[in-house]
Structure formats: structure tokens, C-alpha cells
Amino acid sequence: RSRAPRDGAGGGYPPELGGYPELGGYPDSVGYPDPGVYPPERVVPAYQERETWTRQMDFIMSCVGFAVGLGNVWRFPYLCYKNGGGVFLIPYLLIVLVGGIPIFFLEIALGQFMKAGSINVWNIAPLFKGLGYASMVIVFFCNTYYIMVLAWGFYYFIKSFNSVLPWSTCDNEWNTPSCIEFFRHPNCENGSLANATAAPNLTCLQLAEGHSPIVEFWENKVLGISEGLDHPGRMNWEMLLCLVAVWILVYFCVWKGVKSTGKIVYFTATFPYVVLVILFIRGVTLPGAYDGIMYYIKPDWSKLGEAQVWIDAGTQIFFSYAIGLGALTALGSYNRFNNDCYRDAFMLALINSGTSFFAGFVVFSILGFMAAEQGVHISQVAESGPGLAFIAYPKAVSLMPVAPVWAALFFFMLLLLGLDSQFVGVEGFVTGMLDLYPGRSYHRYKREIAVAICCFLCFIIDLSMITQGGMYVFQLFDYYSASGMTLLWQAFWECIVVSWVYGADRFMDDVARMIGYRPFPWMKWCWSFITPCVCMGIFLFHLVNYKPLTYNNVYVYPWWGEVIGWCLALSSMLCIPVSVLYKLFRAKGSFKQRWAHLTTPVWGPHHMEYMTRPPHPPQELITNTVPCTKGTEAL
């Protein structure tokens, strides 16, 4: 086996193979004197030992905080209702088993084994290091636009501290003459409707053209939304202050690394569950809650035959499990080498999916109440995404007694759910960047400076999202940069590289060296066959059924807006094939030699200690060992 380089000579190769000084032991080096000779492996220099979590629970909480986010609360319940209620759990759980858990475990185990962030973790097969760059691009875009949800939530949280919620009345400066506070659709049968703020009587036609105060607060006050993408308009100074506040908060959560992040997530990851339980208790005691919950879980077996139901299940899992972003890899890299990441993966998957299911009861109990109050069908109030968080739910709490208390609780929960996902995403990005320059001499405050640069760059891009046309920019990032297609493409190649380039059996041996036992073969079968097929099948379905982006099903984006969107998507997807072609083109020798060299793993110094261990105890040690009965005496 190879030894670490001494005095910088030999490029990390044993002297019997000649050594290659020009390689320096780095995976991107491709020049070597004799293309016919390939070392069995390469070793990077012995750099400073990697930081680890203070306690293993820090890692668990960080993963919970990152993976359990807004998608669990505002997307899963709606998809469950839309796709047949309880029946949706069948495709959901199946894809969890064949796609979600295998890739979730793969990313954590890969980070723990390689002790590196999202880029250098692919030293396991350096030819495909473009996977790391792709995940960095995706998580950078996520960090950029996801923070806007926190800024909006922070703004609503501040506005909740009023005796009368500003979105519950029609007598504000941002309201229009079409604003209607109280109405019930069944009254339209009588031809008129009483209204306390606009006029004594309204016809059903006027009612149909009316606007809710919460919609006007969202569109006119918070967004100040313009006519389209080509009308950016002015900046909203209140949203600018909220954006600055949440970025400062994120910075000070991340700047000191996992030692500080691991402590903060104990609060940000657990307190939302306290709020969810409080809101659940309050929700189920409201009139109409039972009907809302029944609409959520009532099974519609005919939905199982629809392809869209299976596609929605797969896409939701990749979103909510935070797969393909590289942040799970970064979190896993701070684990002890012998941590049982196999057990952790199942436990975290159970927490993630369980939170999604429980959140559905909270959301639909309150939506059922709102439907009963307005005298409409549940389908007319069921929302997903920002529509649920900033329109449906604020409308519901405005109908409750002591409304400001429930509004403040809900938006505080929303803020915490998004905050830990945000700062762990920033942590994953910064970890990947710093790993590119390990052990080099630079400023003692390198992490603090790197985090500040990352936050500042994202903040500059965010300025385009706090203008009057900002919502259109936000949707571009949300629909294209971290869409289902980009994450599925990433997950597909992760499975292919680990299973077919590095070797599924080989990686299973590596995992066994770490955790002390061999995982169930199901993982290997999923990585090799099932999961790539699932990922590619859903990816092709998305591609074939692609629809141009719209806002509120009314505004259609211009052609140049779609071009910008596809550029955002392709900026990450093309990293993989472009980097592969570039590395092969620059290498020397025949194709077989280039492939052999560029797929040779680059081991870190910590691997040398563990590579000599067998993946599991020899059989003779197991069969010849008897229980100890006298002190420390044993065969």
C-alpha cells in the first residue's frame, strides 16, 4: 500500500513505483512521466486533523435541523391531500425504502469515510469530482433564495405583535376598494352579502371580484408585486432590514464551525416540535377540524394508478431529505470514523417522514376550521408552499381568539424551521470551499472570512428579490436552480459512481470497517440498480412533462426568463459531464490508462490507520471466543 509523501517528493507514491513529484499527490494532477505505470492508490499529505462533533447528538440534531424544514410542513400535507390521502403513503414509503434512505445513508457514510466536504469527498473517484462542484452550485443557489422565506417569516413575526393583526382588516393604506373582510359563499344564494367595511350590500358578482385582506397584505404590502419579471420596480426597505437581520443571524450561527453550530441546533431543531404540538392541540379543538383531518387522510385508491402520484412522492422525498446538496456529506465528515452512520440514517429518515405526517394533522385541522368558518369546501383553502405559510395559515389564525399569540407562535416556528436548514446549508458550502485548500497557510480567521464572503455574495443576489419584481426572481430560482430535475440528476450520478466506478462491494467493506458490521445487502442492490432507475425514471418524467413557469397560473414568464432559469439548472447539471471530459482530455496515455489513473482513489492520512483492518472480524476469532467467566480470562 502507498505511504504518505516525505519532504514533498514522490507525489505520495511508494519509491518502488518511482514516485511522481509533479503530481504532488493531488487528484487533479494529470501529468506523469510514464503513462504505463499506475500506482494502486494515492495519498494526500498529512494535514491538520479534522474537527469533530463534541457529542454525537450534535450531528443528529444538525441533520434533523437541516433535513426537517419548511417542505415537511408546507408541501407534504398538501401532496398527501391532493394524491389520495392515506393512499399517498404507499408510494411515499416505497420510494423512501428504495431511494430516500439508500442515498441519505450513502451521502452521510461517504462524508464520514472520506472526512471531507462535498468536493473533496469525490477523491474516492477523482474523475467525477464534478459531482462535488455540482452540489456546491446547487447549495449556493439554495442558500441564496431560501433566505427570502426567512425574511418574509421574520417580517410576519414582527407584525404579529399588534393587538389587531394587520392582515385581518381592510382599513390599511395598502388595501384596495375590492378588499372584503367577512363573507360566506352560501349567502350568495340570497343575491347579496353584508360587508362591514366596503358597502352595506354586495352582489355575488362583486364578491367574486373581491380580494381578501391577507392576499392584499401579501401582494401589496410584503411583495409590492409588479406586473412581471421585466418590471423590477423599487426596493422594499422594510424587507431589506429583515433580510440583513436574518443574514446576520445565520452568520453568527455558522462562523465558529461545528462546535457552535452543534449547540445552536439543539434549540432550533427541537423547539418547532414544541410549537407543532401546541398548534396540534389547539387545531383539533377547533370546529371543522375533524372534517379537515378526514380530507387529509381519507384514502382514494384510484389514485394509485396515476403516474403523477408516484412522481410527487419521489420528488417530495428528494426535497425533504435534502439529498444532492452536499450538506449531509459535510455534516457526516465531522463524525468520528467509527460512528454508526447506518443506524443514524434510519433514525433520521424516521424522524423526517414522521414529522411530515404529523405536520399534516396540524395543517389540515386548521384548514378544516377555516373552511367551516368561510362556508367553503376544503379544496378552496388547501394550499401548498408560500401560499400556505403566508396566505392560508395567517388567514386561519386571524379567525382564532387571541389571534396575535397564535400568529407569533406559528411564524416563530416557521423561522426556526428555515433557520437551521439555512445555516447548515451555508456550513456545507463553506466546508466544501475550505476543503479545497487543506493545510495551506492563510489567515487565522479563515473560516470567519469564508462565511462572511459567502453570506455577502448571497445577500447581493438577494437584493433582486426584495424589489417589486422580486417574487418572479424568487420563483425562477425555486423552479430551476434546485428543482427536482437537478437533484435527481445529482442523485443518479452519485449512485453510479459509488456502485460502478468505485465499487458497491468495496464501499460496503469500507462501511463495515467504520461501523464494525456489514449493512444489509439491500443497500448495495439499491445503489447499484434500483435507486438509479428510480431517479432516472422520475427525471425523464419531469423532462417529458415540462411546463413553462407561471406565477399564480396567470402570469407567464417571458422567453428570456425561461432561458435564465435553464441556465441556473444547467450550471449545476453540466458540471459532471464537463469535468469528466476535461480531465480525460488533459490526461495522457491510452483511454484505459487515463481511466485507471483518474478513478484511483486519493486517500487521506486517516485512511492509512484503518485500511489495514479487515472489514469484519475473521471467522476463527468469532468461533473460538468464549464468554469470559473468570476476571479478564478469555480464549
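**Entry 1: the chain as a whole**

I looked up burial first: of the 635 residues in the chain, 57% are buried. The model is a predicted one. I found 24 helices and six strands in the chain. For the exposed surface I noted about 26500 Å², with carbon and sulfur atoms supplying 65% of it. I then checked the contacts with a separation of 6 or more, and 81% of them join residues 24 or more positions apart.

**Entry 2: the seven-residue annotation**

I went to the UniProt record, an unreviewed entry, which lists Gly-65, Ala-67, Val-68, Asn-72, Leu-417, Asp-420 and Ser-421 under "binding site". These residues are spread over 357 residues of sequence, yet they cluster in space, with a largest C-alpha distance of 13.8 Å.

I took Gly-65 from this list and placed it in helix α1, residues 56–67. Gly-65 counts as buried because its relative accessibility is 0%, and the cut-off for buried is under 20%. Beyond its neighbours within four places in sequence, Gly-65 contacts Ala-269, Leu-417, Asp-420 and Ser-421.

I then turned to Asp-420, which sits in helix α15, residues 403–435. Its relative accessible area is 1%, so Asp-420 is buried. With neighbours within four places set aside, I listed Gly-65, Phe-66, Val-68, Val-265, Thr-268 and Ala-269 as the contacts of Asp-420.

**Entry 3: the two-residue annotation**

The unreviewed UniProt entry also has a "binding site" annotation covering Ser-320 and Asn-352. The pair spans 33 residues of sequence but clusters in space, the largest C-alpha distance being 7.5 Å.

I found Ser-320 in helix α11, residues 307–320, and Asn-352 in helix α13, residues 341–374. Ser-320 counts as buried because its relative accessibility is 3%. Asn-352, at 1%, counts as buried too.

Which residues does Ser-320 contact, leaving aside its neighbours within four places in sequence? I noted Ala-67, Asn-72, Tyr-92 and Asn-352. On the same terms, Asn-352 is in contact with Ala-67, Val-68, Asn-72, Ser-320 and Tyr-321. Ala-67 and Asn-72, which appear in the contacts of Ser-320, are also listed in the seven-residue annotation.

**Entry 4: a buried glutamate**

I looked up Glu-494 and placed it in helix α18, residues 484–515. Glu-494 is buried and has no salt bridge. How far away is the nearest side chain of opposite charge? That side chain is Lys-129, 15 Å from Glu-494. Not counting residues up to four places away in sequence, Glu-494 touches Ile-103, Leu-106, Glu-107, Trp-122, Leu-131 and Gly-324.

**Entry 5: a histidine and a distant partner in sequence**

I checked His-597, which belongs to helix α22, residues 591–598. Its relative accessible area is 2%, so His-597 is buried. I compared its position with that of Leu-127: the two are 470 residues apart along the chain, and their C-alpha atoms are separated by 8.8 Å.

**Entry 6: a nonpolar patch**

Last, I went to the surface, where Leu-97, Trp-500, Phe-520, Trp-522, Trp-525 and Phe-529 make a nonpolar patch of about 680 Å². Helix α19, residues 522–544, gives the largest share of the patch, three residues. Leu-97 comes from helix α4, residues 89–114. Is Leu-97 buried or partly exposed? Leu-97 is partly exposed, because its relative accessible area is 46%.

How values were computed. Residues are numbered from 1 along each chain as its sequence is written. This is a predicted model: local features need pLDDT of at least 70, side-chain atom pairs count only at pLDDT 80 or more; totals for chains, interfaces and linings use all residues. Side-chain values use heavy atoms; hydrogens and water are left out. UniProt positions are given in the numbering used here, feature names are shortened, and annotations may be inferred rather than shown by experiment. Helices (H or I, at least four residues) and strands (E, at least two) are DSSP runs, numbered from the N terminus. Buried means under 20% relative accessible area, exposed over 50%, partly exposed in between (1.4 Å probe, protein chains only). Contact means heavy atoms within 4.5 Å. Accessible areas come from the Shrake-Rupley method with a 1.4 Å probe; for residues, only the protein chains shown count as cover. Lys and Arg count as positive and Asp and Glu as negative; His and the chain ends are not counted. A salt bridge is a side-chain nitrogen of Lys or Arg within 4 Å of a carboxyl oxygen of Asp or Glu. Patches are made of residues with over 30% relative accessible area and no salt bridge: like charges are joined within 9 Å, nonpolar side chains (Val, Leu, Ile, Met, Phe, Trp, Tyr) within 5 Å.
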